[in-house]
Structure formats: C-alpha cells, structure tokens
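Colleague: I am new to this structure and would like a close look at a single part of it. Please take one residue as the starting point and work outwards from there.

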Amino acid sequence: MDELDEGLQEARRRKQRQGIIRAAASLFIERGPRAVTMDEVAAEAGVARRTIFNYYQGKEGLLYDVAAPVLNDATDLAFELAKRGGDGYAPCSLEDIAALCLKLWKLHGRSLSLIYTIGLESSERLAALHAGFLGAFRKLMESSELGTKADLDVFRAGRILYRCFVPLLLALEEADDMDRRFVD
C-alpha cells in the first residue's frame with residue numbers, strides 16, 4: 001500500500017471515529033450514558049457494532065472521548081479566570097463566570113450538559129477529570145463575588161448557577177431553532 005492509500009485510509013478512520021463520537025455524544029446528552037447501548041450508538045453513527053469496538057474496548061472509553069474535551073476545557077478556563085490576578089486569585093464577578101459559561105457553550109454547545117450527567121463511578125479516568133473540574137470551579141467560585149459572603153456555600157451556589165445556565169442556553173437554542181422554522 002502506498003503513502004497516498006495509507007493517508008486516505010487514515011482520514012477515513014478518523015472521520016468514522018469522529019462520527020461515532022458525535023453519535024454517542026448526541027445520545028448521551030439526550031438520554032444519559034447509562035441508558036445508551038453500544039448498539040444504539042452504532043445505529044446512530046451508521047456503522048456496525050463491531051466497528052465501534054475497533055476503536056473502543058467498551059462504553060467507558062467512548063464516554064471518556066466524548067466528555068474529556070468538555071471537562072478539560074471547563075477546568076482550564078475556570079483556573080484561567082480564577083488566576084487572572086497573577087500570583088494569587090483575584091476576585092471575579094458573576095458576569096465573568098457567565099462569560100466563562102458562554103465561552104464553554106461556544107466551544108462545546110449541548111455537550112456542555114455532559115459535565116453533570118456523566119456517571120463517574122465506573123470510570124476512574126473520568127472521575128479524575130471531573131474532580132479536576134470541580135476543584136477549578138470551587139476555586140473560581142471562592143474567588144468570585146459570591147465568595148465574599150460568609151454565610152453562602154459558594155460551591156453550591158456555583159453548581160446552581162451552572163445547572164441553571166446550561167438549561168437556559170438549551171432552551172434559547174430550541175427557541176431560536178423554532179423561530180427560524182417559522183421565519184423560513
């Protein structure tokens with residue numbers, strides 16, 4: 001096999017793998033990872049079930065590839081925002097946190113909801129990524145305006161903010177889609 005054929009084959013495999021990841025993400029977001037079977041992912045991706053197992057040993061590996069980019073970006077951006085004061089952690093505003101959520105939405109869209117819907121008990125790798133995200137988010141919330149209120153559990157407040165923000169964006173996206181259908 002020459003280099004051109006190898007390059008085409010590799011491109012085809014990469015495209016197929018991305019299709020599997022997109023299909024799995026869609027199903028995981030819609031119904032939750034536990035409710036989705038590998039057969040359903042294969043059907044959604046338009047591939048044979050055994051094709052998925054050419055790339056993944058099981059659902060845990062697939063879930064990792066779906067959720068890891070979201071968790072890694074969320075962690076990095078939360079730490080970046082919390083550390084913007086240089087040596088220490090500078091207070092950030094609620095507007096800064098909302099801007100962070102919007103930036104994550106622009107990067108990952110509906111996949112952002114995976115942060116709180118993935119089951120972590122069966123995956124040490126995902127649990128470690130999620131713990132990193134939670135640590136970054138806790139640091140961010142403690143450095144925010146909310147952190148100055150001694151009687152407020154800032155982590156709980158942050159989770160509430162985040163869990164309200166994602167459904168709001170999903171609702172706005174659906175409303176926007178509906179508006180476009182009536183206008184078109």
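What relative accessible area does Arg49 have?

Modeller: The model is a predicted one. In it, Arg49 has a relative accessible area of 42%. Buried would need a value under 20% and exposed a value over 50%, so Arg49 counts as partly exposed.

The side chain of Arg49 has a partner. Arg49 and Asp39 meet through their side chains in a salt bridge, with 2.7 Å from N to O. This pair links distant parts of the chain: Asp39 belongs to helix α2 (residues 38-45) and Arg49 to helix α3 (residues 49-55), ten residues apart. Asp39 is partly exposed as well, because its relative accessible area is 46%.

The salt bridge of Arg49 has company, since the count by the 4 Å rule comes to four. Another of them joins the side chains of Arg17 and Asp65, at 2.3 Å from N to O. It too connects distant parts of the chain, with Arg17 in helix α1 and Asp65 in helix α4, 48 residues apart. Arg17 has 30% relative accessibility and therefore counts as partly exposed. Asp65, at 21%, falls in that class too; the cut-off for buried is under 20%.

A further salt bridge pairs the side chains of Glu10 and Arg14, at 3.9 Å from N to O. Here the two residues sit in one helix, α1, four residues apart, which is about one turn of the helix. Glu10 counts as partly exposed, because its relative accessibility is 42%.

Arg17 and Asp65 also lead to a helix pair. Two packed helices are described by the angle between their axes and by the distance between those axes. For α1 (residues 3-31) and α4 (residues 59-82), the axes come within 9 Å and cross at roughly 90°. Angles from 65 to 115 degrees count as roughly perpendicular, so α1 and α4 are roughly perpendicular to each other. From α1, the residues in contact are Arg17, Ile20, Ile21, Ala24, Ala25 and Phe28; they meet Lys59, Leu62, Leu63, Asp65 and Val66 of α4. Sorted by class, this contact has eight nonpolar, three charged and no polar residues.

Helix α5 offers some buried residues to set beside Arg49. Cys101 lies in α5 and counts as buried, because its relative accessibility is 2%. Its C-alpha is 8.5 Å from that of Ala74, although Cys101 and Ala74 are 27 residues apart in sequence. His108 lies in α5 too, which covers residues 94-108. At 17% relative accessibility, His108 counts as buried. Apart from its neighbours within four places in sequence, His108 is in contact with Pro69, Val70 and Asp73.

Now for the whole chain. The protein chain has seven helices and zero strands. Of its 184 residues, 40% count as buried. Among contacts between residues at least 6 apart in sequence, 65% join residues at least 24 apart. The chain exposes about 10,900 Å², and carbon and sulfur atoms supply 52% of that area.

To return to the starting point, Arg49 is partly exposed, and its side chain meets that of Asp39 in a salt bridge.

Methods: Residues are numbered from 1 along each chain as its sequence is written. This is a predicted model: local features need pLDDT of at least 70, side-chain atom pairs count only at pLDDT 80 or more; totals for chains, interfaces and linings use all residues. Side-chain values use heavy atoms; hydrogens and water are left out. Axes are lines fitted to C-alpha atoms, for helices over the stretch in contact, and angles run from 0 to 180 degrees between N-to-C directions. Angles under 35 degrees count as roughly parallel, over 145 as roughly antiparallel, 65 to 115 as roughly perpendicular and the rest as oblique. Contact means heavy atoms within 4.5 Å. Ala, Val, Leu, Ile, Met, Phe, Trp, Tyr, Cys and Pro count as nonpolar, Asp, Glu, Lys and Arg as charged, and the others, Gly among them, as polar. Buried means under 20% relative accessible area, exposed over 50%, partly exposed in between (1.4 Å probe, protein chains only). Accessible areas come from the Shrake-Rupley method with a 1.4 Å probe; for residues, only the protein chains shown count as cover.
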